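Subject: the two-chain model

Hi,

Here is the structure I promised to pass on. Have a look at it first, and my notes follow underneath.

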Amino acid sequence: MSLENPRRLYPAFILLGAAVCILVAAAYYRDEFRQWKDIQRQFIREEMRRASTPQQRLLARNIPVQIRQVVLPELRRVDRCTTCHMAVEDPSYGGFPQPLAYHPLHDQHPFERFGCTVCHRGQGHATTTADAHGHVPYWDQPMLPLRYIQASCGQCHEAADNPAAPELARGEQVFESNGCRGCHKLGGVGGVIGPELDRVGGRRSADWLMAHFRSPASVTPDSAMPPQKFSQADLEAITLFMLSQTGASMTGFYTSMKVVPSAAQGRHLFQQKGCIGCHSLGGKGGSIGPALDDVGMRRAPEWIMRHFRDPQSVTPGSVMPKFGFNESEVLALTEFLLHLRDQNLALSLPSLMSPVERGKEIFRKFGCAGCHGQDGKGGVPNPNAKTGEQVPALLHVADGYTREELVKFITMGRHQVDALDAKRPAPPLYMPAWGAVIEPAEMADLASYIFSLKPKGDDLGF
Amino acid sequence: MKAWKWFEGSRVGRSVFRVGIPRSNLERAQAMVSSFLLHVQPAKVNRRTLRPATTLGLGLISLYLLGILTVTGILLMFYYVPATDRAYDAMKDLQYVVSAGLVIRNMHRWAAHLMVLFVMLHLCRVFYTGAYKRPREFNWLVGIALFLLTLGLSFTGYLLPWDQLAFWAITVGANIAAYAPVVGPELKFLILGGNSVGQEALIRFYTLHVIVLPALMAFMVSVHLWRVRKDGGLARPEEGADRLERIDVEHLPTNKSYGLMELTRSTSLQVGKNPEDEVFSWPHLVFREMLLLLAVIAVVLFLAVFWNAPLEEVANAIHPPNPAKAPWYFLGLQELVSYSAFWGGVVAPAVLVTALVMLPYLDRQAVGAGRWFARERRLANTVFTIFLIIAVVLTVIGSVFRGPNWGWVKPWAQPPAVTEGH
């Protein structure tokens with residue numbers, strides 16, 4: 001019987017042996033022939049084409065085909081983007097089609113120090129286009145669309161007064177002036193009706209955020225948030241600002257970026273150290289020292305900095321004490337003085353403002369407008385609320401409350417909002433208790449502001 | 001060929017290969033005995049052994065998969081770092097920059113799943129052919145131990161990639177262990193080295209996966225194979241029940257100098273039998289085994305080349321996937337646990353393992369050994385099949401019919417639009 005004849009098995013040996021060989025070859029092919037190698041060869045060809053001398057040609061030919069990577073232990077990142085994007089540092093590739101284009105404006109963020117993904121996101125480990133750009137399953141950090149790239153500046157730098165990131169600054173302004181904080185906490189400050197936003201930028205995509213702002217319920221079915229009526233530019237700006245809130249904690253060298261001296265910090269210091277006691281801004285303040293409105297134009301930055309370090313060294317006989325500022329404080333204060341041309345910055349010093357102005361600032365800071373409307377004019381929907389299915393406007397608060405009652409109301413909040421129809425779901429928006437958040441002095445200013453909202457000559461005559 | 005013949009005849013060649021390629025029956029027998037790798041098997045085997053239907057080669061396939069797992073596993077160890085902040089990066093490096101890293105990891109993953117599957121199938125085969133009966137009761141026990149070791153190896157390996165899949169599968173698995181009465185919470189603490197999956201669990205699982213369990217496995221496999229020999233090879237039908245056709249073969253020499261090598265304690269071996277029932281292991285058995293090895297390598301390679309091993313996001317203890325599922329071979333258990341933690345998570349597996357261990361001592365009837373679905377074993381086979389079907393159905397339900405919050409989903413229906421993020 002054939003069972004006895006081992007030769008009968010030979011075809012099976014040949015067949016299976018061939019199958020194993022083919023599969024090994026396939027495995028080798030998959031491993032050996034990779035997209036990035038073709039791209040590197042394309043780069044070498046381009047270099048060869050550009051070479052004009054034999055030496056240059058030799059150099060070009062000897063460019064090795066290999067993985068290139070930036071290892072960033074402090075950021076816990078390995079960025080292999082330069083494996084394909086080989087010309088990022090070569091200006092002669094400006095305007096060259098990707099992946100071999102030059103990356104402009106990297107002087108202050110050298111690739112060997114920052115890598116790529118810390119700003120652009122994507123998957124630094126990966127060496128194929130789809131995986132590296134991150135629009136693949138199980139990678140939740142796809143590349144940030146270029147028009148939102150300024151969001152990444154916000155990871156290290158202050159959003160405000162960053163001249164290189166105007167969209168980010170605008171986004172922050174939209175956030176603050178539209179009262180988002182009334183419901184959402186950011187950086188520990190804000191209301192409790194909506195979720196905290198400290199990490200939202202790492203979890204949500206630009207498209208999601210856009211859709212959410214236009215119609216929150218379309219992406220979060222039971223959202224209490226009213227639809228926002230932003231202009232297209234504002235919508236993109238606040239989306240960008242939200243994307244910047246990744247909650248990423250930078251370490252070591254990168255942390256120092258966070259305290260890049262800014263005019264806003266300078267303003268804070270100026271206020272805190274009581275400079276206004278001697279100097280004046282916009283006609284308000286002390287008269288012992290000179291007015292500072294135009295000091296940024298009169299003096300060179302170096303002069304101002306030396307002055308802060310040691311006033312007598314540049315102005316002999318000056319009575320200004322040596323405050324002992326550290327270097328970053330000196331920079332921040334100088335920055336502030338240089339920015340005084342921007343009148344808003346100077347005039348928004350709280351000590352220079354009237355209680356009503358300060359109250360308006362507090363109204364803005366804690367996002368009251370998010371529910372009560374710009375300038376307390378109301379109009380924000382709160383389905384099934386007894387008050388016309390809207391959050392009440394604040395124009396006539398002065399008629400119904402004494403100052404003490406108002407402060408008490410804001411302090412305690414009101415968690416149960418009367419429903420129009422008991423059968424329908426309860427109104428989603430309510431008044432949180434702000435007592436733990438808004439300080440007593442601020443509360444008094446806020447009350448002054450709200451009382452000031454009553455239209456002139458509109459006395460109802462109670 | 002000529003060079004080989006010269007080498008074979010040379011002093012060195014003879015010292016290594018002793019017999020060389022056998023040309024006579026004497027040399028065929030000597031080839032088996034003088035080779036370390038081949039001596040595990042007898043010089044001659046019953047013709048039944050060669051027929052694929054006898055065992056389907058399930059045990060040998062499991063052994064080959066274990067071999068593939070050992071080789072690929074050692075290669076992976078060169079790159080893997082069992083630290084929570086580096087393990088996942090190592091996976092990514094394997095995929096993107098290590099030469100052949102991806103295919104080796106894929107082979108390891110698919111071979112591991114296949115091994116669990118084939119060990120289970122092997123267990124079923126042994127049951128349905130009644131091959132656990134006297135004198136093979138103890139080897140059945142060793143087999144159960146190997147089955148549990150296989151599950152243990154697979155389970156400990158599951159955590160190592162340190163992605164969401166790994167993290168939450170192990171969390172679910174450890175929670176099932178915690179349902180055991182009295183010692184449950186302690187047991188979970190012992191497994192994880194803490195109350196939740198973290199660095200301690202990772203290093204524990206790693207050490208178990210690369211040292212402790214493989215060493216146990218190697219020892220138990222040796223015992224398992226040795227016992228197969230000592231118990232007289234494959235279980236064979238009792239006298240008269242052998243329905244194998246007697247076939248005329250070429251005349252065999254009657255001076256069986258190899259006969260001594262076949263002496264064992266067993267009564268079921270070829271002693272006193274017609275030499276026509278036997279063939280030489282070389283080449284008949286060995287060639288078939290080599291063919292099977294090629295086939296196993298081909299299948300594993302095929303899977304590894306065309307399907308990547310899963311790797312999800314890096315493990316995140318704050319964002320559990322919904323539902324978090326255990327590895328597939330525990331999904332039947334998880335499904336049971338969803339009805340009752342105690343009955344499903346403790347009683348069912350305990351009863352199952354106890355029943356498997358007791359089986360050869362409860363079922364003492366000698367008839368029906370060595371035949372598939374023997375009539376005399378109808379009751380045993382029916383009970384086993386019912387349990388098997390229940391296990392398969394539960395596993396299938398747990399795998400594909402369970403969605404968020406362990407609720408029913410229809411796998412063929414369009415999955416609901418998942419809102420992005422967590």
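Let me start with a small oddity. Ala100(B) is partly exposed, because 15 other C-beta atoms lie within 10 Å of its own, between the limits of 12 or fewer for exposed and 20 or more for buried. Its backbone is what caught my eye: Ala100(B) has a positive phi of about 60°, although it is not a glycine. You will find Ala100(B) in the loop between α7 (87-96) and α8 of chain B. Keep in mind that this is a predicted model.

Asn405(B) is another non-glycine residue with a positive phi of about 60°. That one is in the segment after α16 (378-400) of chain B. Asn405(B) is exposed, since 7 other C-beta atoms are within 10 Å and 12 or fewer is the limit.

While on backbone geometry, there are cis peptide bonds to check too. In chain A, one joins Gln98(A) and Pro99(A), with omega about 10°. Pro99(A) sits in the loop between β2 (77-79) and α4 (111-114) of chain A. In chain B, a cis bond links Asn322(B) to Pro323(B), with omega about 0°, and Pro323(B) belongs to the loop between α13 (281-306) and α14.

Now for chain B as a whole. It has 16 helices and 2 strands, and 36% of its 422 residues are buried. Of the contacts in chain B between residues at least 6 apart in sequence, 77% join residues at least 24 apart. Here is a pair that is far apart in sequence: Arg48(B) and Asp277(B) are separated by 229 residues, yet their C-alpha atoms are 8.1 Å apart. Arg48(B) is in helix α4 (residues 47-50) of chain B and is partly exposed, with 19 other C-beta atoms within 10 Å.

Which residues touch the most other members of the largest nonpolar core? They are Leu65(B), Ala111(B), Met115(B), Ala166(B) and Val300(B), in a core of 80 residues. Helix α8 (residues 101-128) of chain B supplies the largest share of this core, 14 residues. Beyond its neighbours within four places in sequence, Ala111(B) contacts Leu65(B), Ile68(B), Leu69(B), Thr72(B) and Val300(B).

Two helix pairs in chain B are worth opening up:

- α9 (residues 137-159) and α10 (residues 164-177): their axes come within 7 Å and cross at roughly 135°, so the two helices are oblique to each other. Phe155(B), Tyr158(B) and Leu159(B) on the α9(B) side meet Ala166(B), Ala169(B), Ile170(B) and Gly173(B) of α10(B). The contact has 6 nonpolar residues, 1 polar and no charged.
- α14 (residues 331-339) and α15 (residues 341-362): the axes come within 5 Å and cross at roughly 140°, which makes α14(B) oblique to α15(B). Leu333(B), Leu336(B), Val337(B) and Tyr339(B) from α14(B) meet Ala341(B), Gly344(B), Gly345(B), Ala348(B) and Pro349(B) from α15(B). By class, that contact has 7 nonpolar and 2 polar residues, with no charged ones.

Finally, chain A and how it meets its partner. Chain A is divided into domain 1 (35-133), domain 2 (146-254), domain 3 (261-351) and domain 4 (355-452). The C-alpha centres of domain 1 and domain 2 of chain A are 32 Å apart. Between the chains, 28 residues of chain A are in contact with 31 residues of chain B. Helix α1 (residues 10-32) of chain A gives the most to the chain A side, with 12 residues. That side has 18 nonpolar, 4 polar and 6 charged residues.

Cheers

Key. Residues are numbered from 1 along each chain as its sequence is written. Chains are lettered from A and ligands numbered from 1 in the order in which they are written. This is a predicted model: local features need pLDDT of at least 70, side-chain atom pairs count only at pLDDT 80 or more; totals for chains, interfaces and linings use all residues. A nonpolar core is a set of buried Ala, Val, Leu, Ile, Met, Phe, Trp, Tyr and Cys residues joined through C-beta atoms within 7 Å. Helices (H or I, at least four residues) and strands (E, at least two) are DSSP runs, numbered from the N terminus. Two residues are in contact if their C-beta atoms, placed from the backbone, lie within 7 Å. Domain bounds come from an automatic or database domain assignment. Ala, Val, Leu, Ile, Met, Phe, Trp, Tyr, Cys and Pro count as nonpolar, Asp, Glu, Lys and Arg as charged, and the others, Gly among them, as polar. Axes are lines fitted to C-alpha atoms, for helices over the stretch in contact, and angles run from 0 to 180 degrees between N-to-C directions. Angles under 35 degrees count as roughly parallel, over 145 as roughly antiparallel, 65 to 115 as roughly perpendicular and the rest as oblique.
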